[in-house]
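The following note sets out several points for a reader who is new to protein structures. Please read each point with the structure in view.

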Amino acid sequence: MSLEEFRLLRDLVYEHAGLVYDESALMLFDRRLGERLEALGLPSYQAYYKYLRFDAHNQSEMEEALERLTTKETYFFRQEYQLRAFQAELLPRLEQANARSRRLLVWSAGCSTGEEAYTIAALILESARFDGWDVRVIGTDLSRHCVAHARRGVYQASSLRATSAKDKARYFFELEDGFHVADSVKKLCQFGQMNLFDSGRGNLVGRVDAIFCRNVLIYFDVRSRKRVIDNLYQRLCPGGYLMLGHSESLLNLSTAFELVHLRDDLVYRRPVGAGGLA
Ligand SMILES: C[S@@+](CC[C@H](N)C(=O)[O-])C[C@H]1O[C@@H](n2cnc3c(N)ncnc32)[C@H](O)[C@@H]1O
């Protein structure tokens with residue numbers, strides 16, 4: 001792959017999904033996309049670029065390319081201090097705020113293979129605050145493979161590396177093919193494919209009370225981050241919360257979110273007085 005070819009492909013990926021790669025990623029592109037060239041019988045990356053940009057099948061091929069280029073790393077109970085803060089401090093507030101509607105909707109945006117969404121559902125169940133409520137956790141990801149995996153809900157031991165023995169016993173049952181998520185947790189979760197960079201698609205999720213968008217924005221630049229954050233803002237109910245990954249913040253982004261100091265974490269909130277949905 002020449003530098004020129006890399007730049008063409010990289011800019012196309014940015015346009016489509018907001019993901020940013022510097023020139024040190026040339027080798028990665030070459031390694032991961034090489035087999036697509038072979039599969040399509042194309043002679044060069046220049047030809048692959050043209051295929052991605054102009055061919056009738058470009059949409060599905062772009063998904064194939066992104067499948068290979070994105071980082072999907074995730075596991076159950078990741079960044080547990082934040083999850084516990086959500087459970088101990090935000091769930092009681094949401095219980096109070098939604099006491100009339102008895103409805104709770106949480107979105108795991110960029111959920112990869114679903115571990116984050118299932119963890120959130122397990123914490124909601126464990127809180128025992130929402131029995132008889134309409135509770136849903138929606139997981140979305142750019143990758144169709146990840147969404148299919150999430151829907152299956154079967155995981156290998158590495159996904160449970162931060163799961164305590166107690167939680168393992170409570171929320172999983174082990175079969176030959178791996179650890180299956182318990183039905184009580186699984187039935188609260190729904191999964192779908194969605195590009196967070198695509199503002200129109202956010203509407204599919206509807207209004208939610210809380211969003212976890214963790215370890216996704218690190219792959220974006222300021223411009224694409226701002227676009228995604230604005231989309232997330234529009235999807236939150238006034239008073240709803242946004243949780244980011246531990247190395248992510250809204251610093252340097254002018255957004256309408258307000259910062260909320262919890263005992264062990266900082267989260268963001270759409271101000272209560274901030275109008276309805278756009
Ligand atoms: C590192 S994983 C994070 C998974 C999980 N949130 C966690 O913290 O464990 C990042 C995920 O973001 C997804 N992603 C990257 N760009 C995206 C986009 N534009 N729209 C939706 N998902 C995206 C990737 O497919 C990947 O599954």
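**Cysteines and the ligand site**

1. The sulfur of Cys-146 lies 7.3 Å from the closest cysteine sulfur, which belongs to Cys-111, and this is too far for a bond. A disulfide requires two cysteine sulfur atoms within 2.5 Å. Please note that the model is predicted.

2. Is Cys-146 buried or exposed? Its relative accessibility is 4%, so Cys-146 counts as buried. The cut-off for this class is under 20% relative accessible area.

3. Cys-213 may be examined in the same manner. For Cys-213, the closest cysteine sulfur is again in Cys-111. The distance between these sulfurs is 11 Å, which is too far for a bond. Cys-213 is buried, and its relative accessible area is 0%.

4. How many disulfides does the rule give? The count comes to 0 disulfides.

5. The next topic is the ligand. It is surrounded by 19 residues. The closest of them are Thr-74, Arg-78, Asp-141, Leu-196 and Asn-215. By class, this shell consists of 7 nonpolar, 6 polar and 6 charged residues.

6. Which parts of the protein make the polar contacts described here? In Arg-78, an N or O atom of the side chain is 2.8 Å from an oxygen atom of the ligand. In Leu-196, a polar backbone atom is 2.8 Å from a nitrogen atom of the ligand. In Arg-214, a backbone N or O atom lies 2.9 Å from a nitrogen atom of the ligand. The ligand on its own has 600 Å² of accessible area, and the protein covers 99% of this area.

7. Where does the ligand sit? The ligand is found in the largest pocket.

Note on methods. Residues are numbered from 1 along each chain as its sequence is written. This is a predicted model: local features need pLDDT of at least 70, side-chain atom pairs count only at pLDDT 80 or more; totals for chains, interfaces and linings use all residues. Side-chain values use heavy atoms; hydrogens and water are left out. Buried means under 20% relative accessible area, exposed over 50%, partly exposed in between (1.4 Å probe, protein chains only). A residue is near a molecule or strand if one of its heavy atoms lies within 4 Å of it. A polar contact is a pair of N or O atoms within 3.5 Å; within protein, one must be able to donate a hydrogen and the other to accept it, and residues adjacent in sequence count only if both atoms are side-chain atoms. Accessible areas come from the Shrake-Rupley method with a 1.4 Å probe; for residues, only the protein chains shown count as cover. On a 1 Å grid over the protein atoms alone, a cavity is a set of points where a 1.4 Å probe fits but cannot get out, and a pocket is an open set with protein on both sides within 12 Å along at least five of seven lines; lining residues have an atom within 4 Å of a point. A molecule sits in a cavity or pocket if more than half of its atoms lie within 2 Å of its grid points. Ala, Val, Leu, Ile, Met, Phe, Trp, Tyr, Cys and Pro count as nonpolar, Asp, Glu, Lys and Arg as charged, and the others, Gly among them, as polar.
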